[in-house]
Every structure is written in C-alpha cells, then in structure tokens.
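This report sets out the architecture of a predicted two-chain model. It begins with one helix and then widens to the domains, the chains and the contact that joins them.

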Amino acid sequence: MNPCLLCMKPISEVASWQSFFALEKKKTLCDDCSKRFVRADIKEEGDVLDAVHSLYEYDEAMRDWLHQYKFLQDVALAQVFSNELRRAFSSTDTIVPIPMHPERARSRTFAHVETLLDGAKRPYVQLLAKTNTSVMGEKSRHERLNMEQLFELIPGAVVQPITYRLVDDIYTTGTTLRQAATVLKQAGAARVEAVSLIRSIQK
Amino acid sequence: MNKPFDPAVRDFLDGRIWLRQHTPFSVEIINEHIESGMIETTPGVTMKKGLFGQISCKCIRCENEDPQLFTSFDCLQCEGPCAYCRNCLQMGRVSVCTELIVWNGPRTLYPTEHALAWEGTLTKHQKRASEELYESTVRARPHLIHAVCGSGKTEILFEPIHKLLVAGKRICIAAPRVDVILELEPRLRAAFPSTKLEALYGGADVKAFEAQLILATTHQLYRFCHAFDAIFVDEADAFPYTAEKTLQHAVRKAAKPAAPIHFVTATPSDKLLADIKKKGAVSTIYRRYHGHPLPGPRYEPLWNYSKELAKGKIPKALENWIIQRLDLNEPFLVFFHEIELMMKAEQAIRQLDDRIRAVHSAHPDRKQHVQALRAGKIPGLLTTTILERGITIKNIQVAVVGAEQSIFDAGALVQIGGRVGRNVNHPSGEFVLFHNGISYAMDHARREIKRLNAGGDQP
C-alpha cells in the first residue's frame, strides 16, 4: 500500500470486492488530507474567453499543494487531482494546455500543466508557444493586465473552427487565459473555453 | 596539497553534503573548486537495474532506498527517464541529474579555547554519569545516559562537551523534535558563551554554518557527511527517530567513521538498551536532581469523552480539573491524542478562560504560545504529544485526555508525567490520566515510575 502523497502516512483502506477486482481507483491521499481540498466549481463567462470552469478556490491547502508541486518540483503531486481533472473534460474535447517557455520548463524539469493532464490521462494538442520567459507570479496586478503578447501559434499549427478548451493551473487576473484565447480565435477557433484547477480571487 | 581555496567555501561545505546549485557562492567559485579537486561532486540519486530489470534507487543525501519514496518521470533537464527522492524533498529536490557536492580539501581547524560558564554543581549521580560519558567518548564507544525526567540530563553533557571542544573537536547535539532543540539552544548558548554555536531546524535562520557546536533536528543531519567527532542524540526514543530508518542512517553518516554516537533519554526502548549493552556503556540515574520521587499517575475515568467533546461539551471531571487549576493559578498542560478532537475541545474549554490556547505540530504560533505559558501570560495549553518531552515549566500540572489511546505508549506517558514537579520549590504536582478504560501502557507506565522511584531494584 502506498503512503499518502502529502503527509506520508499509510492510507487506511477497507478491503472490498471493488478494491479486490481493482474497480476502485487507488487512493493517493489519506482521508485527512483529501478533506482539506473542497471543490468550489466556479463557472464564469466572458467574450474573448467564452467560459471558464475553476475546480478549486485558492486556499491554504491549495497554496501548500501548489508550492510543493511547482516550486519543490514534486512531480508525484500531479496525481492528487487526476480524477477531478479527468472528469472536468469529455473524451471529445480538444484540449490545449497553457505552454511554458522551453527554458523555464527545462529548469523546472517538467511542464506542470502538461504533467497534470498526463496524470489525468487526457490527451492534448500543443498549439501555442510562450514568447518570453516572464513569470506571472512575480508581477503586480497592474503589470499583468498590461502585458504585451504572451503567446504565438507554433509554426505549422492548424486551428480549426471548433471549440478549444484551454487548461492552466491557476486563474487570477485572467490575462494568461485571455491572451491565449485571443491567439486561438484570431487563428479561426469558433469558441474557446478554459478549465483551471484553481481560482484565485484577489480582494 | 597546497592548492589555493576560498576559506569561506571550506567553512560552509566542510562536513556537509549540499545541492550544487543551492550554495551561497557563485557558480564560478564552485566550478573553480571542483576543477582544483577541492570539491567533489556526486549524483543525487543512483539508479541500478536489478537482476530482473527492476530499477532500484538510492538517495545519496538521505540514504533512502524505499522504492515507494521515489518518483520517476520524464525529465526535461536530462532529457530522459529520471527519478527523485521524496523522503528529503523539503530540503530541495534531489534527482538523478542533480549534483551533490562535498568538501574534499583540507579540513577546518577549530579553536581550542572555550569557556564553560555554567555555574551550578552536579549531584553525585550526575557527576558519575558525566565522567562515564566522557570515558566512553575517549574510548570511542557509544554511551547511553538513561536518566529519569528532571534529573538534569543536559547538565551532564556540559563537561564532556567542553573537553571535546577544547580538543578542537566538532560536536553535534541532535534531537528528533524541534521543540527540544528550541529548549536546548538558550541553555547551551549560556553555558558556552565563547563557542560558535548554531541551531539547525526547518525554517531556522542560519548564520554560522561553520559552527563548532551544532544543535540540529535529526532531519537536518541528512545534509551532513562525516562532520562530527561525537554526536549526542537527545530524546533518542522520540518519534520519528525510532520509526524512520533513514534518520538513524543520517546520524551515522553525519558522524566521522570512528566517532561515537551517544544517546540520552528517560525512556530508552528495549532495542536501544540491547544495542548499547552489546558495544557500549550505560549510566543510569533514578533520582531527580532535587531528590524527590517522580509523581505517579492518577487514573480518572472520563467515559465517552470523545462524544461529549465532539458535541462541544466538556466532561464534568475534566472541567472541574481545569477550574481547579485556574482557581489555584497553576499553569497546566492537557494532552490530546489527535488534533481534530483537541480543536473541538479548545472551543469549549475557552469558555472557562479565553486565554487558553491549543498547539500542535503544524500550528504557526506554537513557539509563542509555549513562551506565553512559561511567562505566565496564559493559564494553560492544550497540546498533542509534541510537548510530551523536553519542556520545563515551573509548577506545571498535567492531564492526559484519552490516556488509553495507542499513541500514548508507556514511554510517552512516563515522559508526560516527567513534566511535573521538576522545580525544587514545586517537587510534586498533578499527573492525571483521564481514560475511557485502562490500557496496558498506562499500567506499564505506572509500574515503571514505581520501579524508578524504588531505585530501579524491583522489576
């Protein structure tokens, strides 16, 4: 039995016929740790970005998770939300993850959004490329809202007049997702929706 | 070897095993030292293919080999399959393609002039133990100081540590709990005013990396390699030291190959006693420094306490006990077996006095709350087992809620009781076990306290 990914304590599991036949999903967190994450399911609508579905609110539990996943580079934590993320999509969705600049991805050793989707076993297409190495988390709200173009289409990418679903880890001012949506729409996308794992509401 | 090197780099790295990209020095300086052979590099994690193609990993920093604690992934840095260690992740991730560095140049020479400013006197039992401990250090054999709570264990260490410092040796006092380190730090700083001393724990503000006397949680020893001429492990039986093999390895790795590792505890496990008897020596002290016996536990039933507390009610017996403490103006600790129950109890108990607080391992203000209790600013604390050892508060009174819970083993109960009556002017006090049925551990603890008070003769 694997220990809990966050507190490292053994996970107590009740033996059942479901678990015996491996019908039940293997738990990655113990009950105490999974209780800390409360689904918020915030749905917002807009013009450029037609709809955004955020699964969780940015709280203490999420802050800790994000810190350990992105900054301590704990790749294993991508498994924590794999089931939730998987269910946020249907198998017919065309998923486009928000890209990282290749240089930054190399220094982090993994691309965090794509690794989340890998964990959720949802295939994705990469249509966008980051044009610079700037980091959103280090900018003020004002700077973020006045950013120059962040993304471009990767050479040879074909955008069809269908619905695309962007994916990012955290949605704060929305600049990242809106800019990505603009690029896709200018290239001919009919509709651009987004799924973000976390919604950070600034007060 | 007369090659030049930067003494600052040596002072920082000597005895350490560190992430190459996380030093306080520039990349160029580190590179120069690697080229001249002063710094050696090693991969962070080694991967081996077994007989049947299964991959086994080993973390070079924390010596973890548990396959459950490694995660493999496609690394964008080394552009291939990579694996990292999750056991020591909090100290910066170590993976196959991260490099660790160790100092390979001439070793630091430590000063040999040190003052011992402690002015108390040792009892004859303490003095004997202190001499025996030094004797073992000279003969490089492990030594166990098995001394009851409140017998003055820390003072026993002063003489031997001073002699070692004067001989230019580097010393470490390690403990599994950060609370123990925080309690020890001011006492040792006062005792060794002219010695470079540093306390290392998660979140500590470290300045003197080159300190000759180091206080550290056992976790921090992951980052040392062949550094110390002697290590004293305080409260050696505390969680998680006993439960985690890698922490025991870490202590061994942090000591120089022939250096002795000593243990200090009031409640040694049978295994520790057996191990020490094979190779080392034991000093036992049954009397507290003030000569009074250890307070024995009093059993008091508290039927269905968890249901009542969950409903937000304080069981009558517990309420009376707390009110009595408040009336008598006696500081108190109430131990709980789990955080959730304690938090529910806190709300109810604060109706009696709003200054009462609860602390647990993840509590941001736990340091301040304990300080406030010591200063008499708050009347009492609710706590998990984190405060079961290492803390000394004058005239403290202690209760355990749910003493039958499995987390309270005999050792833990003896330690909790050991908080009571440590001061000469208040040599006894309340030690109540509120229970929902008497456990073997409770009886074991009561027998053990009786045995110690009788001088250790009776079984």
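## A helix in chain B

Helix α5 of chain B covers residues 178-191, 14 residues in total, and its first and last C-alpha atoms lie 20 Å apart, close to the 20 Å expected at 1.5 Å a residue. Within this predicted model, α5(B) nevertheless bends by about 30° at B:L184, with a proline, B:P186, following within four residues.

Seen along its sequence, α5(B) has the buried residues B:V178, B:D179, B:V180, B:I181 and B:L182, to which B:L188 and B:A191 are added. The elements that cover these buried residues of α5(B) include the helices α4 (153-166) and α11 (366-374) of chain B, together with the strands β9 (171-175), β10 (197-200), β11 (213-217) and β12 (230-234) of chain B.

## Domains of chain B

Chain B is divided into domain 1, which runs over 7-103, domain 2, which runs over 124-285, and domain 3, which runs over 298-451. The centres of domain 1 and domain 2 of chain B, taken over C-alpha atoms, are separated by 27 Å.

Where these two domains meet, 15 residues of domain 1 of chain B are in contact with 14 residues of domain 2 of chain B. On the side of domain 1 of chain B that touches domain 2, the elements that give two or more residues are α1 (7-13) and β1 (17-19) of chain B. By class, that side of domain 1 of chain B has seven nonpolar, four polar and four charged residues.

## Chain B as a whole

There are 13 helices and 20 strands in chain B, and the C-alpha trace of chain B spans about 70 × 55 × 45 Å along its principal axes. The radius of gyration of chain B is 24 Å, which agrees with the value near 23 Å for a compact globule with 459 residues.

Of the 459 residues of chain B, 47% count as buried. Among contacts in chain B with a separation of 6 or more, 74% are accounted for by residues 24 or more positions apart.

## Chain A and its domains

Chain A has eight helices and seven strands, and it is divided into domain 1 (1-35) and domain 2 (39-199). The C-alpha centres of domain 1 and domain 2 of chain A lie 28 Å apart. Four residues of domain 1 of chain A are in contact with five residues of domain 2 of chain A, and the side of domain 1 of chain A that takes part has, by class, two nonpolar, one polar and one charged residues.

For the chain as a whole, the C-alpha trace of chain A spans about 55 × 35 × 35 Å along its principal axes. The radius of gyration of chain A is 18 Å, which agrees with the value near 17 Å for a compact globule with 203 residues. Buried residues make up 31% of the 203 residues in chain A, and, among contacts in chain A between residues at least 6 apart in sequence, 74% join residues at least 24 apart.

## The contact between the chains

The contact between the two chains takes eleven residues from chain A and nine residues from chain B. Sorted by class, the side of chain A that touches chain B has six nonpolar, three polar and two charged residues.

Definitions and conventions: Residues numbered from 1 in each chain as written. Chains lettered and ligands numbered in written order. Predicted model: local features only at pLDDT ≥ 70, side-chain atom pairs only at ≥ 80, totals over all residues. Domains from an automatic or database assignment. Contact = placed C-beta atoms within 7 Å. Nonpolar A, V, L, I, M, F, W, Y, C, P; charged D, E, K, R; others polar. Rg over C-alpha atoms; globule rule 2.2 N^0.38 Å. Buried ≥ 20, exposed ≤ 12 C-beta atoms within 10 Å, placed from the backbone. Expected span 1.5 Å × (residues − 1). Bend = angle between axes of the 7 residues up to and from the residue.
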